[in-house]
Amino acid sequence: MAYKINTKKCLKCGLCATECPEKAIAVDDRVTEKDGLVRYTTRIDAKKCTDCGTCVSFEWWCPNKAIMKG
Ligand code: SF4
Ligand code: SF4
């Protein structure tokens, strides 16, 4: 069972794409706002996700807890 990103809660910070140890989280889109803030649209590739649980652990957790088990 793969993990999923709740797009309503996602802050688009992009951290998950660099923190996933399996590189299962891809950046689909990258938008730079007028104030220079870059917002990332990320997606978990179910084929690569090993259910390691790192993205929902205390070791490293999505800052807005937007990732959950699918
Ligand atoms: S770490 Fe969480 S809030 Fe940030 S882009 Fe990933 S899912 Fe969204
Ligand atoms: S459960 Fe592990 S492999 Fe799957 S997206 Fe989260 S950190 Fe990556």
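**Cysteines and ligand 2**

I began with Cys49 and asked whether this residue is buried or exposed. Cys49 has a relative accessible area of 19%, so I noted it as buried, since the cut-off is under 20%. I kept in mind that this is a predicted model.

Next I looked up Cys20. Its relative accessibility is 14%, and therefore Cys20 also went down as buried.

Which residues come nearest to ligand 2? I found 13 residues around this ligand, and the nearest are Cys20, Cys49, Cys52, Gly53 and Cys55. Sorting the shell by class gave me eight nonpolar, three polar and two charged residues.

With those cysteines on my page, I wondered how many disulfides the whole structure holds. My search came back with zero.

**Backbone angles**

I then turned to phi. Most residues other than glycine have a negative phi, so I wrote down two entries with a positive one.

The entry for Lys23 shows a positive phi of about 55°, although this residue is not a glycine. Where does Lys23 sit? I located it in the loop between helix H1 (15–19) and strand S2 (25–32). Its relative accessibility is 62%, so I marked Lys23 as exposed.

My other entry is Asp51, also not a glycine, with a positive phi near 60°. I traced Asp51 to the loop between strand S3 (38–44) and strand S4 (67–69). Here the relative accessible area is 27%, so I recorded Asp51 as partly exposed.

Technical notes
Residues numbered from 1 in each chain as written. Chains lettered and ligands numbered in written order. Predicted model: local features only at pLDDT ≥ 70, side-chain atom pairs only at ≥ 80, totals over all residues. Heavy atoms only, no water. Helix = DSSP H or I, 4+ residues; strand = E, 2+ residues; numbered from the N terminus. Buried < 20%, exposed > 50% of the residue type's maximum accessible area, 1.4 Å probe, protein only. Near = heavy atom within 4 Å. Nonpolar A, V, L, I, M, F, W, Y, C, P; charged D, E, K, R; others polar. Disulfide = S-S within 2.5 Å.
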